[in-house]
Amino acid sequence: MDLRLYNTLTRNKETFEPIDAGNVRMYVCGPTVYDFAHIGNARPAIVFDVLYRLLRHVYGEKHVTYVRNITDVDDKINARALRDFPDLPLNEAIRNVTEKTADQYRKDVEALGCLPPTIEPRATEFVLPRTDGKSDMVTLIQNLLDKNHAYIATGSEGREVLFDVTSMDSYGALSNRKLEDQQAGARIEAKDHKKNAGDFVLWKESSANEPGWDAVFNGETIHGRPGWHIECSAMSDAYLGKTFDIHGGGLDLIFPHHENEIAQSCCAHGTQKMANYWMHNGYLQVEGKKMSKSVGNFVTIHELLHTDKFGGRKWPGEVLRLAMLMTHYREPIDFSIKRLEEAEAVLKKLWRKVDEGNNAGELNTVINALADDLNSSDAIAKLSSLSGSALAQAFEMLGIKRSKAESDVDVSVIETAIAERLAFFAEKNFAEADRIRDELLSQGIQLKDSKDSETGERVTTWEIKR
């Protein structure tokens, strides 16, 4: 079976050919664990989990390595670690600060149906040279200095090791940006100590009251911390090698993060490519607006799962996941209450088809849709032609699992009770109809009555009260 993926680097959909079919390798940028993950962070977690499942289906579970990092190197994190744990080594202090948010992220994405990655490295573990010889940030930076791709300069905030973007002829290929078109601005800051406005930080000196690590560059010790981009270059090399198959992340990471990853990795290693296929999921809005705390539409995964902040109720992880997958991963998505309600209605209908037990349809119809650049929206459309175990297998491929509360419900009993209640309504025996409603409610089943738009007859649906 051919697997075709859209490659941001070439701007074409290409047939996927792994470097080694015995070890297909994928790296995806993970969260910065300063705070709980928001719903925008959920999209890449879900998208690349589906790809991970598909790769495991095609090449075998033991033949796919998926690395998703934890970014725990951040100025805010570092400062808080120094403040709260001044007597501990920096890495240990950072671990104390970030352990709760990192653990919550894992729980949140697990509730969304995501498998754990094969390896989940933390950035703090790859700053200084390691005893096991795996790639680290300081050694990579020195390598770039040795090859004249980087230089040390002193600015108003101390010494910095900077990458020289003019030293790489192909810089800008991923984002399709030319160096001469890059002006100083919001994303690129011109400073007197930089050779070029687009030169970016590999290592930044810390002041006397700022936390950092002691690193030696060109024979001089610079107490400081790494730039954002060098982290992923070190961690991907440590577990996937100098060139690997797939690198994924959100569209917002193309520039500068992924562009700078490529520059660092290729120049340090002398390779033409860092990854053969670059994949990026589209942007996410909430109720038609860019997510922002100032707008009031900023919502975390944890809040969606466990509070009534969004739509006045909790939302099951499988509903959140399906709502994401109903749109192709490269398209923008408007995350709304209406969308979640639509996803929930679709799930209820499909779970009933699973319970019917009539094993109709072929799983391959869903697999083939996913093999066409992860076309999850088409795959979901094809679910309606399946039932029984075939549909259950398709759900598994999409990472959609029935919540425990719903799996404990006997659907046939509920449907029978609803039919009896409708019969009581027909007889105008409202007391008995209300009795059935109240009995189901006491069991956590909430009924909703509406009218058929064509016949005007009463229609009753149900949901688990959360």
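This briefing goes through the domains, sheets, cores and some single residues of the structure. The model is predicted. Its chain is divided into domain 1 (4–281), domain 2 (284–406) and domain 3 (411–464). Between the C-alpha centres of domain 1 and domain 3 there are 55 Å. Two open sheets are described below, one of five strands with antiparallel pairing and one of four strands with parallel pairing.

**The parallel sheet**

- In this open sheet, four strands follow the order 4-3-10-11, and their pairing is parallel.
- Strand 4 (64–68) and strand 11 each have a single partner strand, so they stand at the edges and one side of each has no neighbour in the sheet.
- On average, and with direction ignored, neighbouring strands of this sheet are turned by 20° against each other.
- Strand 3 (residues 24–28) and strand 10 run parallel and are joined by three bridges. In this pair, Val28 stands opposite Gly248 of strand 10.
- Helix 1 packs on the sheet and touches strand 3, strand 4, strand 10 and strand 11. The direction of helix 1 makes about 175° with that of strand 3.
- Strand 10 (residues 244–250) and strand 11 also run parallel, with six bridges between them. His247 has Trp278 in strand 11 as its bridge partner.
- From strand 10 the chain passes through helix 6 to strand 11, a β-α-β crossover that is right-handed.
- Strand 11 (residues 275–281) has seven of its seven residues buried, so this strand is largely enclosed by the rest of the structure.

**The antiparallel sheet**

- Here five strands form an open sheet in the order 5-6-7-9-8, with antiparallel pairing.
- The edges are taken by strand 5 (150–155) and strand 8 (213–217); each has a single partner strand, so one side of each is left without a neighbour in the sheet.
- From one strand to the next, the twist averages 45°.
- Strand 6 (residues 158–163) and strand 7 (residues 200–205) run antiparallel and are joined by four bridges. Phe163 has Phe200 in strand 7 as its bridge partner.

**Helix 6, which meets strands of both sheets**

- Helix 6 (residues 254–269) lies across strand 6 and strand 7, and runs at about 80° to strand 7.
- Helix 6 also lies across strand 10 and strand 11, running at about 160° to strand 10.
- Pro256 has its place in helix 6. The peptide bond that joins Phe255 and Pro256 is cis, with omega at about 10°.

**Nonpolar cores**

- In soluble globular proteins, nonpolar side chains tend to be buried together.
- The largest nonpolar core has 69 residues, and Ile39, Phe335 and Leu383 have the most contacts inside it.
- Helix 1 (residues 39–59) gives the most to this core, namely eleven residues.
- Both domain 1 (4–281) and domain 2 (284–406) contribute to this core, with at least three residues from each.
- Apart from this core lies another, of 51 residues, which includes Val127, Leu144, Phe217 and Ala268.
- Not counting residues up to four places away in sequence, Leu383 touches Leu350, Val366, Leu391, Ala394, Phe395 and Leu398.

**Ala93**

- Ala93 is part of helix 3 (residues 90–111).
- With a relative accessible area of 1%, Ala93 is buried.
- Ala93 is in contact with Ala81, Phe85 and Leu88, leaving aside its neighbours within four places in sequence.
- Ala93 and Arg313 are 220 residues apart along the chain, and their C-alpha atoms are separated by 37 Å.

**Two residues with positive phi**

- Most residues other than glycine have a negative phi, and most peptide bonds are trans.
- Arg11 is not a glycine, yet has a positive phi of about 60°. Arg11 lies in the loop between strand 1 (4–7) and strand 2 (12–15). The relative accessible area of Arg11 is 34%, and this residue is partly exposed.
- Asn218 is not a glycine either, and has a positive phi of about 50°. The loop between strand 8 and strand 9 (220–226) holds Asn218. Asn218 counts as partly exposed, at 49% relative accessibility.

Key
Residues numbered from 1 in each chain as written. Predicted model: local features only at pLDDT ≥ 70, side-chain atom pairs only at ≥ 80, totals over all residues. Heavy atoms only, no water. Domains from an automatic or database assignment. Core = buried A, V, L, I, M, F, W, Y, C linked by side-chain atoms within 4.5 Å. Buried < 20%, exposed > 50% of the residue type's maximum accessible area, 1.4 Å probe, protein only. Contact = heavy atoms within 4.5 Å. Pairing = 2+ DSSP bridges. Axes fitted to C-alpha atoms, helices over the stretch in contact; angles between N-to-C directions. Right-handed = clockwise from strand over helix to strand, strands pointing away.
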